[in-house]
Amino acid sequence: MTVIMKAKPIVAALTDELSTSAAHVTAALGRKPGLTVVLVGDDPASAIYVRNKQKRADQIGVHSDTLRMPATSTQEDVVTAVQKLNADPTVDGIIVQLPLPQQIDADAIINTIAVDKDVDGFTLSTTGRLWNLPKNSPEHVGPCTPLGIMAMLDYYQLPVAGKHAVIVGRSNIVGKPMAAMLLNKGATVTIAHSQTTDLHSLLLTADIIVAATGRRGLITASDVKPGATVIDVGMNRFVDENGKKRLVGDVDYPAVAEVAGAITPVPGGVGPMTVNMLLKQTIAKAASKIQ
Ligand code: NDP
C-alpha cells in the first residue's frame, strides 16, 4: 500500500502546536509574535500568497502585517524599509515577497534582513548556518519548503538515514537546502539539474526522490524504483484539454503512485507545509526574546 503523504493531518497537528506556542509567547511578551511581509509592486500571485500567509497567521495567533511598497520603489527605498523593520522590537520575523520588480537586486535586499528575523531562511547567514550544522542536529534552520518536507518525512516515519536521496533541482530555496537537511539526517545525497546526463538511470538508484523543477510530467513511473519515497515540490498551473484550470507537480502522480512506497500529492502535499514552517520560525524567533 502506497503511503499518500497528505499535509492535512500534519497541518491539523501543527495548528494545535503553533497556537499553543504562540499563546505562550503572547503571555510572556505581552504581545503576539509578529511577522511583517514586505510586498513591493502589484504581482497578483504574490498578493494571493501574502493573503494566505496572513489568514494562517490569524488562525494561529501570530500578528501579521504587510508593508506595501509601490512597484517604482528604488533599491534604497526597500533597503531602508527592511532596516526599519530590523530595528523594530515588535517585529520578530521579516519576509520579502518574491519576485521583486526588475530594478531591485533581490539578493541584496534579502541579505539586509537581520539573521535573527530571517524566518524565510534565505539569507547567506542562515544558509551558511544550515551547511555548518553538526550532523543529526535537531536545529530547525533553513528555508521553509525543505523544512516542511523534513517534517513530512518525520510525520510519516519514513527513514532517511542510510538512504540514497536524489534531489532534482538545485535552487537556493529548495534543492540545495534540501540536500543539506537530508545529509544532516544521514542520507547519501545526489543533486541533479538540467545538465545532469541520464537522469533516468540516476533516479532508479534513489530511495528518496525530491522533484523541484517546475517541469510538469518530468518524473514518470519508469523512473522510480519500486517502494521509493517520492516528494513532489513542483507547482505547475495549466489549462487542460477540457478548458479546466489545473495544478500539478513535476511527477506523473497517478502512475508513480502505483510504484512508489510513499508519495506527496499536488495539491495538498508539500505546498501547505511551507507557510506553517514560516509561522513556526516566527514564533521561535519571538520565543527567543523571552527572558
Ligand atoms: P528554479 O527554477 O529556481 O529551479 C529549477 C531547477 O530545476 C533548476 O535547478 C533546474 O536546473 C532544474 N531543472 C529544470 N529542468 C530540468 C530537467 N529537465 N531535468 C532536471 N532538472 C531540471 O525553481 P524553484 O526551486 O524555485 O522551484 C521549483 C518548483 O517548486 C517550481 O515548480 C516552484 O513553483 C515549486 N515550489 C514550490 C514550493 C511549495 O511551497 N510547494 C515552494 C518553492 C517552489 P538548472 O539549475 O540546471 O537550470
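User: How do you know at what angle the axes of helix H1 and H2 cross, and within what distance they come?

Analyst: In this predicted model, the axes of helix H1 (residues 8-29) and H2 come within 8 Å, and they cross at roughly 65 degrees. Two packed helices are described by exactly these terms, the angle between their axes and the distance between the axes.

User: What makes the meeting of H1 and H2 a contact?

Analyst: Contact requires heavy atoms within 4.5 Å. Val11, Leu14, Thr15, Leu18, Ser19 and Ala22 of H1 meet Arg56, Gln59 and Ile60 of H2. By character, the residues of this contact comprise 5 nonpolar, 3 polar and 1 charged.

User: Where does Helix H2 lie with respect to E2, E3 and E4?

Analyst: Helix H2 (residues 44-60) lies across E2, E3 and E4, and its direction is at about 160 degrees to E3. Helix H10 (residues 271-287) also packs on the sheet, where it touches E2 and E4 and makes about 125 degrees with the direction of E2.

User: What makes strand E3 and strand E4 edge strands?

Analyst: The open sheet has 3 strands in the order E3-E2-E4, with parallel pairing. Strand E3 (63-69) and strand E4 (93-96) each pair on one side only, which places them at the edges. From one strand to the next, the twist averages 20 degrees.

User: How do you know that strand E2 pairs with E4?

Analyst: Two strands pair if there are at least two bridges between them. Strand E2 (residues 34-40) and E4 are joined by 4 bridges and run parallel. The pairing therefore satisfies the cut-off. Within it, threonine 36 stands opposite isoleucine 94 in E4.

User: Why is one side of strand E1 and of strand E6 left without a neighbour in the sheet?

Analyst: These strands belong to an open sheet of 6 strands, ordered E1-E11-E8-E7-E5-E6 with parallel pairing. Strand E1 (3-4) and strand E6 (188-192) stand at the edges with a single partner strand each, so one side of each has no neighbour in the sheet.

User: How do you know that strand E8 and strand E11 pair?

Analyst: The cut-off is at least two bridges, and 2 bridges join strand E8 (residues 229-232) to strand E11 (residues 262-263). The requirement is therefore met. Threonine 229 has alanine 262 in E11 as its bridge partner. Elsewhere on this sheet, Helix H7 (residues 175-184) lies across strand E5 (164-168), E6 and strand E7 (208-211), running at about 170 degrees to E5.

User: What makes the approach of serine 171 to the ligand a polar contact?

Analyst: A polar contact is a pair of N or O atoms within 3.5 Å. An N or O atom in the side chain of serine 171 is 2.6 Å from an oxygen atom of the ligand, so the pair qualifies. Threonine 274 qualifies likewise, with a polar side-chain atom 2.8 Å from a ligand oxygen atom. For arginine 215, an N or O atom of the side chain lies 3.3 Å from a nitrogen atom of the ligand. The protein covers 71% of the 930 Å² of accessible area that the ligand has on its own.

User: What is the make-up of the shell around the ligand?

Analyst: The shell residues divide into 8 nonpolar, 10 polar and 2 charged.

User: Why is the phi of asparagine 136 remarked upon?

Analyst: Most residues other than glycine have a negative phi. Asparagine 136 is not a glycine, yet its phi is positive, at about 60 degrees. Asparagine 136 is found in the loop between helix H5 (124-131) and helix H6 (144-155).

Conventions:
Residues are numbered from 1 along each chain as its sequence is written. This is a predicted model: local features need pLDDT of at least 70, side-chain atom pairs count only at pLDDT 80 or more; totals for chains, interfaces and linings use all residues. Side-chain values use heavy atoms; hydrogens and water are left out. A polar contact is a pair of N or O atoms within 3.5 Å; within protein, one must be able to donate a hydrogen and the other to accept it, and residues adjacent in sequence count only if both atoms are side-chain atoms. Accessible areas come from the Shrake-Rupley method with a 1.4 Å probe; for residues, only the protein chains shown count as cover. Ala, Val, Leu, Ile, Met, Phe, Trp, Tyr, Cys and Pro count as nonpolar, Asp, Glu, Lys and Arg as charged, and the others, Gly among them, as polar. Axes are lines fitted to C-alpha atoms, for helices over the stretch in contact, and angles run from 0 to 180 degrees between N-to-C directions.
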